[in-house]
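Biologist: I would like to learn how to read a protein model, beginning with its overall make-up and then moving to a single helix and a piece of surface. Could we go through it step by step?

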Amino acid sequence: SSDVCSSDLAYACATRGPARLTSVRKTSAAGRNGARQRVVASSSSTATATLVEAKRIYEAAFASLPHSRCMQLAQGSSKRNEQNDEWFYGELDFSTFAALLSNLSPGGTGGESFVDLGSGAGKAVAVAALTQAYKSCIGVELLPELHAEATAAQEKVLALATESHHVNLPCTYELREGNMFAHDCRNADILYCHATCLGRETMQLLGWQLEEQLKPGARVVIMSKSLNSSLFEPYGPGVISMPQG
């Protein structure tokens, strides 16, 4: 899974805690070379009542999936060997991630598409679906054990949201089992990857994939790493420390 443990150091794994999160925007369609990166500040434009209800639904849906349980699932996965040392699991704080997503689309998120590569238990996808006006929210996860738990939690999110008067889910809220490099990212407006424990080669492959597939204006949010590409420009006021849930 690319939904991994956090660290302030590039290309190194650590225990849970604050991590540096970077955000960039694609500017052009060709070329490869170093890019500087930044992160948006966290502020939310979503109504308070909606956020409170969204967080209630999120916490109820994932009550049986604390970080420790997700780590156990990743550690015992039948596909762990395919990941070498890149299987570690990590997750984000609900409120901070919701605020970050709002700030990535200052003109509003209506009509945009969110993709999480390495979506783990599906928590980031759920936050996106519950708190933003995206037309679609899609998560891609390699490990079948995590994917199974993610889809079970997704069913709870859908049931609870149906009963809510404040939360409207996007037209498409989907979790897929598979390799993130097999996912077509051409329709993504916001792409997220919790990449702390991904190695240099994997990050290079990810960079090439996003160079080739993402449309100009698409925003990429990566935990603890950066894209070595001249096709992406800094987006937002600076690097932030992202609390984890």
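The dialogue below moves from the whole chain to one helix and then to the surface.

Modeller: Please keep in mind that this is a predicted model.

Biologist: How many helices and strands does the protein have, and in what pattern do they follow along the sequence?

Modeller: The protein has six helices and eight strands, and read along the sequence they follow the pattern β-α-α-α-β-α-β-α-β-β-α-β-β-β. Of its 245 residues, 54% count as buried.

Biologist: Turning to helix α5, what should its 20 residues span?

Modeller: At 1.5 Å a residue, α5 (residues 144-163) should span 28 Å, and its end C-alpha atoms lie 29 Å apart, which agrees.

Biologist: Which residues of α5 are buried, and against what do they pack?

Modeller: The buried residues are Leu 146, His 147, Ala 150, Ala 153, Gln 154, Val 157 and Ala 161. Seen down the axis of α5, these buried residues fall within an arc of 130 degrees, so they line one face of the helix. They pack against α1, α2, α4, β3 and β4, while the face turned away from the buried side carries the exposed residues Glu 155, Thr 162 and Glu 163.

Biologist: Which residues form a nonpolar patch on the surface?

Modeller: Phe 181, Leu 205 and Trp 208 form it, with about 260 Å² of accessible area together. Phe 181 lies in the loop between β4 and β5.

Biologist: Why does Phe 181 count as partly exposed?

Modeller: Its relative accessibility is 31%, and partly exposed covers the range between under 20%, which is buried, and over 50%, which is exposed.

Technical notes: Residues numbered from 1 in each chain as written. Predicted model: local features only at pLDDT ≥ 70, side-chain atom pairs only at ≥ 80, totals over all residues. Heavy atoms only, no water. Helix = DSSP H or I, 4+ residues; strand = E, 2+ residues; numbered from the N terminus. Expected span 1.5 Å × (residues − 1). Buried < 20%, exposed > 50% of the residue type's maximum accessible area, 1.4 Å probe, protein only. Arc of directions from axis to C-beta. Contact = heavy atoms within 4.5 Å. Patch = residues over 30% accessible without salt bridge, like charges linked within 9 Å, V, L, I, M, F, W, Y side chains within 5 Å. Areas by Shrake-Rupley, 256 points an atom, 1.4 Å probe, with all protein chains shown as cover. Salt bridge = Lys/Arg side-chain N within 4 Å of Asp/Glu carboxyl O.
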